[in-house]
Every structure is written in C-alpha cells, then in structure tokens.
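I opened the notebook again today to look at one sheet and one pocket. Here is what I looked up, in the order I went.

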Amino acid sequence: MSNPNNYTVGWISAISTEYVAARAFLEEEHEGPEHVSPNDHSDYTLGKIGKHNVVIAVLPDGEYGTSSAASVARDMMHSFPNIRIGLMVGIGGGAPSPKHDIRLGDIVVSAPRNGKGGVFQYDFGKTIQDQSFRPTGFLDQPPAVLRAAVNGIKAQYESEGHQLEEEINSVLQKKPRLRKKYGRPDSNSDRLYQSGFTHPPNNEASCGAVCDPSRLVVRPERTQDEDNPAIHYGIIASGNQLMKDASVRDTLVAEEGVLCFEMEAAGLMNRFPCLVIRGICDYADSHKNKEWQGYAAMAAAAYAKDLLYRIPPNRVETEKRIGDMLSDIADVQKDISERVRYVEQDINLAKLRPVEGAAYDSHVNEHNSRCHPGTRVDLLRQIDEWVDELCGKCIYWLQGMAGTGKSTISRTVAHELDSKRALGASFFFKRGEGDRGNAAQFFTTIAAQLVQKYPRLTQHVGSAIEADHFLAEKTMKEQFEKLVLQPLEEAELDPKTPETIVVVVDALDECDHKEDAQTIIGLLPQVKQLTSVRLKFFVTSRPEFPIRLEFDRISGTYQDLALHQVDERVVYDDIFTFLEGELSNTRDDYNRLVPRDRRLSSDWPGQTNIQQLAKMAVPLFIFAATACRFISDRKVAPPNRQLMKILEYQTREIAG
C-alpha cells in the first residue's frame, strides 16, 4: 500500500468521464493508500506523472456542484496532508465571442484577469432566457509555481506548437477500449447556434435532427498553422446550476470576460487553491452535446500532464502545504471577518445618534467646575455610601432650587465614579443647547456611552439595532429595554467591571417636555430586574411639581436629598471654604502679573470679607461662583476694588 505522505499533487475530477481521462494519463499507477482520514469516503487513484506523485479523486456518483467539490477537496487534504499544488481538471461549456474563437475540444485554463482570480463565481435563478444573475466572488489564485508553469507552457506552445492531439492518440492506442467514447468526434458535429435560437424544449433528439441549420454561426475551418485544440487563458465561471442559456452566457462574456462555464471550481474557493483546466464539450446553451465530453476530458488531462512536466519536483517541495496555506487564509479571513463585524457594529451604533455634549466630560462642559476641595464633604460621602450599598435604592434623587450647585455636584460625582470605572454614562440636560433638552435621544445616548465603557455590550446593542433599524425612533420604554436593560443582562461583562454601574443624569427639569421627564423617572425602577450587574441612577433636578409627582409615584425605589433644605450652617461652611480658595487663587494670579507696588497683601481678602460674602451667598453656590468671576475680572478693575463694589452694594441694600 502507498504512503499518503508521499503525494504532493492533488487532482480532482467531477464525473467518471473526467476520472477515466485523468487515470489514462498516469505513467505509473500505484497501490491504494495505506490509510485515509476517518469519514473520508472518496475514491482515490494514486500514480506518477513525470517525477510527481499524484493523487486523483472523483466526486461521488450523481453529485455535482460546488459543495461536493469542496467536500472532496477537504477529505483529500486530510488524507494526503503533503499536497502542495491542486488541479481541477475536466469538462466545461465554452463561451465563444468575436474575441475568442472557442470551439469544441479546445481547452480553457483559469488565469487572473483585471486583478481578479481566474474563477468567477455566480448565482442566478432559473437558467432560461432573460434571467438575471448575481456575481458572488472570485476563486483565489493558484500557487505561484502553477502560475509560472502556465506562463512557461503558454510561451512554449506559442513558439513550437503542442502535441496534445498526438498524446491523446497515443493513450487511446494503448487503451483501445476508450477510442469510441474518448476519441475526437467528427468536426461536423461541432455546431454553434445563434444565441437567440434554442433547442426545442422537451426534445431529446440531436441538434442535427431537429435544429434549423440556417441558425448556425458560420465559422471558417482552422488552418494547419492554428493549434487544434486551441488553448485559451482567462476567466472561468462557476455556479451550482448547469449553464444552458446562451443569452446569460453572452452577458457574462460581455461583462466579465468569461471563457468557460462549469459547476465545481467555485466550491474550492478558499478551500483548495488550484488551477482549473477545462476541455470544451458544449457551448453552455440549450444545445447540449455529450458527444464531445470524452474527448474534451482527454484534452484537459493531456494539458495537465504537459503542465506537470514543466514543474521541477523541488519547486513543488518549496511550496506551502495546501492545508497550511488554508490555515493561514482562515486566520486572515477570521481577522477580516472580525474587522467587517466591527465595521458593521460601528454602522449600527452610529444609528444611535448620541447627543453631542451631553456627557459630563464633553468639550462643551470642559470649563465647568467640580466641587471645590473640602466642600460638600458630607454629601459626597453619603453618595459614595449609596453607590456601594448592596441592597440600597437604585435611584438617588438630588433636588435643589436653582443655583444651589446641583450640576457642580453631578460633575464631581461623575468624575469620581469615572476614576473608579463605575460610571456607565452621563447625560447633562440643558434646555436650548441643541438636543441636550431632547429626551427622545436620552436612552440612545446612554446606550452609546455604555458600549464605549463596556465593549462587550457592543454585539448585543448592535444586534438590537440590526433587528430594528428604527429603534432609535421608538418609544423611550422600548429603547430602555432593548438598548440598555437587555444588553446588560445578556452580555458577559469583563470580570474587572465594578459590581455597581452608575448613570449620572443632571438637570432633568431642563428636559424640553415635562411628560418625557416623568416617563424617564417612571422607567428607572426597572433596573432592579437586572441580575448580571447592579445599575443605579444618580438624578438631579429642581423640585418642580411634575417631577415631584412622578417621584412620589415610584416611592420606595429612591433615596433623596434636598439641597435647599440642608442646614444653613453646613452650606455656609462650604461656601466659605469655596470663597477662601477661589479668592486666594485670584490674589496669587493678580500678583504674578502686576508690579510689586500694586500687589495685594498676602492676607487679602481677609476673613471678615470672606465671611460677609459667604453670608450674602447662602444658600446659593451660584452667587458665590458669580461673585468670584466678577472679582477676578481685571478688565474692569483690580480684585480688591471689585470686591469692595459687592460689599458696598450689599451695605447699601441693607441700609435701604
């Protein structure tokens, strides 16, 4: 028995006629393989052509098309792991044109054209007149050693002619049983009909008996100076159905430059990089001609033998094994597939249309302040405890009158959570700032930020959008469930993800429509249903009636604190600390830029002035912040004069 590891050339035949022709050109026939891969049911003939050990396989009887060829190629590579070059040799339908005088018995060899591989794959509906087709891909180019050999034999045939007819006759002389079926038919049986003329339907009679001879295409006989059979190099079209429609054939010739049609090679795309060699047995129209199949198979096999003689065995040994090559291709395809998947996901995620500037760290919020060090200490500690509390409420509502510092606290909370990777998303509402007042894009923006923070959500959010391309236009309830809750429940988040993820929502009262703000509040308690992660919402707003009413409806699901009800002494201390720090910075900045004689004293503005300002500000942090900006505005006057303006104004107000 033969050792499968000794064979480096794989030759695939689709039908028994091709298999017989292939075997006929073996110069030695070897015993069958010692063993084959489990579940490999292919039939193999082993032998030698020149100095190459060749394994020939045939598709199972009655099976045609791309999938069968792929199955045989896969089994061959498993059973004969050292195969380095592949050949698909057999018969096909010719596609003659004014540019290519293709006739029965000629040979077409796959060759790249216009940057495309040598085999063009197409799919189409019923192959009847006027039916459209759809191209689906090109077969990868065969190994370089085969392409080089094709170029070499092409040059040899052009300068010296070929001896294929003589080689066929020599084989038939040794195997006389094959002469009747595999010998060259009479040239009168080579009939090419006009494209618009079809064979009578449901009529098995020969064209010579039932087809109008006046519809034949008149072609001159080939001269002694012309090769016969002729060799053509170019695109071979491969599909899962037998091509027998001259109009579709001519369309593919015009649009893709196709020379030949067959049914198996496309199944080898990315599975068995090979050279495809086809002997022409008909014209891919309704006038099928089985009379030429045997000779066409012999012509293709004779060419394949000549080709192998041009390839030195050591060149074959330097080629990668096809199995290894396919492994590399598979890796590349996997990488490409991943990239395509990411592109598709990006396209889907772009449909979320997140609101620009809504996040706490967006450019438009870059210069907005966070809590001054040493201020809001108790409140921030309380919020931290709420975040960490395992069985705590899922919502924290921080309410406060205008100017009490809600947004500053929100930015601080978001920043601190972000530093611990616990911030899932943030949305800072602001009426009159584009879509920042539009609740219709609230949950899509939250979803987009969650995906950015936790990439493992990407596939699940993308799938939701893929299932409904208009999800971003649906109700907030549907968006919340499909873009936030379901992805968080289904995704396996990174083990490093914190146990609690917090979404910060600031100034909900600035939502354009109060009904939308109420809807958002009413939906938030649904986060309690999540089992994979704890999702919490930190929400700030003014205590406006519609918002208070909706929070009352979800009573028991939230923790709250009203800034305007915080003890005035606590607020005073925070504002004092804020003013002390900000005015100290103002003094230092001013002193760096002015001459020594104009500098402020090191104790400016003094405890008394700060105390007076703090009393004026309570309970509004916004007053303190505005006062600091006014005092530091050197375009108007030095800081000490600006400060005195405020204090004098306050004195007048009290006196008045």
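Before the helices, a working rule: I call two elements in contact when they have heavy atoms within 4.5 Å. I also keep in mind that this is a predicted model.

**Entry 1, the sheet.** I traced an open sheet of 5 strands, ordered S13-S14-S15-S12-S16, with parallel pairing. At its edges I found S13 (423-428) and S16 (558-562), each paired on one side only. Ignoring direction, I get an average turn of 15° between neighbouring strands. I then followed S12 (residues 395-399) along S16 and noted 5 bridges in the parallel sense. Gln399 stands opposite Ala562 in S16.

**Entry 2, helices on the sheet.** I looked at H12 and saw that this helix lies across S12, S13, S14 and S15, at about 155° to S14. Helix H11 (residues 377-388) lies across S12, S14 (500-506), S15 (534-541) and S16, and runs at about 160° to S12.

**Entry 3, the pocket.** Next I checked the second largest pocket, with a volume of about 1,100 Å³. It has 43 lining residues, and closest to its centre are Ser369, Thr408, Arg411, Ile622 and Arg629. I listed the elements that give two or more residues to this lining: H12 (406-419), H18 (568-593) and H20 (621-631). Which helix gives the most? H18 does, with 6 residues. I sorted the lining into 14 nonpolar, 15 polar and 14 charged residues.

**Entry 4, where the pocket sits.** Domain 2 (352-563) and domain 3 (569-654) both contribute to the lining of the second largest pocket, so I place this pocket between them.

Note on methods: Residues numbered from 1 in each chain as written. Predicted model: local features only at pLDDT ≥ 70, side-chain atom pairs only at ≥ 80, totals over all residues. Heavy atoms only, no water. 1 Å grid on protein atoms, 1.4 Å probe; cavity = no way out; pocket = protein on both sides within 12 Å on 5 of 7 lines; lining within 4 Å. Points joined across faces, edges and corners; volume = space filled by probe spheres on them. Helix = DSSP H or I, 4+ residues; strand = E, 2+ residues; numbered from the N terminus. Nonpolar A, V, L, I, M, F, W, Y, C, P; charged D, E, K, R; others polar. Domains from an automatic or database assignment. Pairing = 2+ DSSP bridges. Axes fitted to C-alpha atoms, helices over the stretch in contact; angles between N-to-C directions.
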